[in-house]
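Grab a coffee and work through these exercises with the structure open beside you. Try each task before reading its solution.

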Amino acid sequence: MRLPMSYFRSSPATAFAWLIAVAPLAAAAAQTSRAPAARAAAAPALVGRWDLTIRADSTSFPGWLEVRRDGSGFGGRLQWGWGHATPIAAITVAGDSFAFTWPNEEAPREPASRARGRVTRGTGRTLSALLVGGDDKQYALTGTRAPSLARTPADTAGWSAPADLLAGGLGGWHPRGEKNGWTVENGVLSNTLPSSDLISGGRFTDFKLHVEVNVPKDGNSGIYLRGRDEVQVLDSYGKPPGSREMGGIYGQLTPSRNAAKPAGEWQSYDITLVGRRVKVVLNGVTIINWAEIPGITGGALDSDEGAPGPIMLQGDHTAVRYRNIVVTPAQRRKGGATTQRRKVRETEKRKVGRLGGGSPPRCRSGRRPRDLPVPGWSARSRSPGWRGRRVRWRGGRRARCR
């Protein structure tokens with residue numbers, strides 16, 4: 001607000017009275033101008049990733065939903081119990097209520113599915129919705145916030161002893177369904193149709209996995225990490241890389257290149273999974289380098305992403321052979337990398353006064369300054385609210401006593 005010059009020429013008392021009168025108006029105007037920006041910055045409760053359970057009649061299966069800001073509107077994807085995550089459209093949000101449509105990617109001319117629901121606020125937000133398919137069949141969707149799984153390789157303190165998952169034959173495995181075409185002979189795990197997926201008895205959180213696989217012509221299988229994230233196994237030799245080709249995280253991550261060998265040749269995978277981060281080495285070539293897996297893939301056992309899970313081999317598509325399946329669990333660093341970094345910062349604060357030897361400074365009262373700036377921080381930028389004289393210590397750095 002610009003002040004008229006006449007007020008500055010008037011008496012100080014008049015100018016002061018004018019300032020007292022207009023100050024509330026100026027503050028209200030500033031708050032009003034900031035309100036739309038604050039509302040725009042506040043993300044609706046729906047935005048984020050959700051681990052879903054989808055129910056229809058007496059059956060249920062896992063799913064996944066992602067909603068993000070997209071310019072002035074919203075975008076997102078929905079992962080059904082099978083297939084791959086595909087875009088949702090026409091997303092509208094009104095408070096805690098929302099609606100969207102889910103076009104049929106394979107048959108775009110067919111009616112899109114329609115969903116309406118709401119998000120329950122609180123310490124543990126939940127999502128509930130009713131989705132009506134293009135065929136008018138109804139599905140109930142319930143979900144919880146997907147965990148961040150923000151662990152990184154730095155959180156790994158070491159690795160446990162490797163475990164050969166085929167050392168006991170099929171004794172440590174069980175089929176997902178009633179059909180079982182899996183057999184083990186001379187260390188080779190073979191699958192013939194009709195069959196179903198094969199699930200390991202052990203459950204793992206973060207780990208390294210070595211697998212060798214032989215894919216026949218037009219063969220199709222998959223390796224599910226924690227039973228939720230499928231690394232595609234496919235006859236993809238000579239094709240462009242894709243998230244649904246050999247080495248891709250199905251429908252989620254695309255390899256940097258196609259390192260697949262021709263059908264009928266043995267190929268090797270070396271996969272490391274830490275949190276959501278995955279590194280995939282196919283035939284000695286790194287094709288995915290610590291990329292984040294956004295959510296579960298089709299065919300997952302469940303949507304509980306924060307829980308340990310088994311190794312699952314897809315067996316209901318075609319014949320396939322596996323051998324040398326070795327898993328090496330990670331040993332997590334106590335407290336995780338975030339806690340470790342916090343401890344390092346606190347150590348730096350305690351040691352910052354030394355700068356070549358000696359002890360951190362003390363005030364004349366004998367007390368230490370309450371908060372010491374760490375190297376690279378400005379002592380002045382840390383000073384608001386501090387009182388008393390400055391103290392100087394070795395290296396010329398300064399802090400305030402209280």
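**Exercise 1.** Find what joins the side chains of Glu212 and Arg323, and work out which parts of the chain the pair ties together.

*Solution.* Start with the atoms: in this predicted model, the two side chains form a salt bridge, with N and O 2.7 Å apart. Next, place the partners. Glu212 sits in strand 15 and Arg323 in strand 22, so the bridge ties together parts that are 111 residues apart in sequence. Finally, check the exposure of each partner. The cut-off for buried is under 20% relative accessible area, so Glu212 at 15% counts as buried. Arg323, at 28%, is partly exposed. While you're on charges, look for the network too: Arg49, Glu66, Arg68, Arg77 and Glu292 are joined by salt bridges that share partners.

**Exercise 2.** Work out which loops are tied together by the salt bridge of Arg121 with Asp96, and which by that of Asp197 with Arg176.

*Solution.* The structure has twelve salt bridges, and here we take two of them.
- Arg121 and Asp96 come to 2.7 Å, N to O. Arg121 is in the loop between strand 6 (113–120) and strand 7 (126–132), while Asp96 is in the loop between strand 4 (86–94) and strand 5 (97–102), so parts 25 residues apart in sequence are tied together. Arg121 is partly exposed at 48% relative accessibility.
- For Asp197 and Arg176, the closest N and O atoms are 3.0 Å apart. Asp197 lies in the loop between strand 13 and strand 14, and Arg176 in the loop between strand 11 (173–175) and strand 12 (182–185), so this pair ties together parts 21 residues apart. Asp197 is buried at 6%, whereas Arg176 is partly exposed at 38%.

**Exercise 3.** Compare two acidic residues, Asp235 and Glu305: where are they, and what do their side chains meet?

*Solution.* Take Asp235 to begin with. You'll find Asp235 in the loop between strand 17 (229–234) and strand 18 (266–274). Asp235 is buried but has no salt bridge, and Lys217, the nearest side chain of opposite charge, is 5.0 Å away. That misses the cut-off, because a salt bridge needs the nitrogen and oxygen within 4 Å. What the side chain of Asp235 does have is a polar atom 2.9 Å from the backbone nitrogen of Asp218.

Now Glu305, in the loop between strand 20 and strand 21 (312–313). Glu305 is buried too, at 6% relative accessible area. Its side chain makes a polar contact of 2.8 Å with the side chain of Arg276. Among the other residues touching Glu305 are Asp51, Trp64, Leu149 and Arg228.

**Exercise 4.** Hunt down the unusual backbone geometry at Leu149, Asn283 and Pro194.

*Solution.* Keep the background in mind: most residues other than glycine have a negative phi, and most peptide bonds are trans. Leu149 has a positive phi near 50°; this leucine is in the loop between strand 8 (138–145) and strand 9 (156–159) and is buried at 10% relative accessibility. Asn283 also has a positive phi, about 55°, in the loop between strand 19 (277–282) and strand 20 (285–292). Pro194 is joined to Leu193 by a cis peptide bond, with omega about -5°.

**Exercise 5.** Find which residues touch the most other members of the largest nonpolar core.

*Solution.* This core has 36 residues, and the ones to pick are Leu209, Ile223, Tyr269, Val278, Tyr322 and Ile325. Elements giving it two or more residues include strand 15 (207–214), strand 16 (220–225) and strand 22 (320–332). A separate core has 24 residues, among them Trp50, Leu78, Phe100 and Trp102.

Technical notes:
Residues are numbered from 1 along each chain as its sequence is written. This is a predicted model: local features need pLDDT of at least 70, side-chain atom pairs count only at pLDDT 80 or more; totals for chains, interfaces and linings use all residues. Side-chain values use heavy atoms; hydrogens and water are left out. Helices (H or I, at least four residues) and strands (E, at least two) are DSSP runs, numbered from the N terminus. Buried means under 20% relative accessible area, exposed over 50%, partly exposed in between (1.4 Å probe, protein chains only). Lys and Arg count as positive and Asp and Glu as negative; His and the chain ends are not counted. A polar contact is a pair of N or O atoms within 3.5 Å; within protein, one must be able to donate a hydrogen and the other to accept it, and residues adjacent in sequence count only if both atoms are side-chain atoms. A nonpolar core is a set of buried Ala, Val, Leu, Ile, Met, Phe, Trp, Tyr and Cys residues joined through side-chain atoms within 4.5 Å. Contact means heavy atoms within 4.5 Å. Lists of a residue's contacts leave out its neighbours within four places in sequence.
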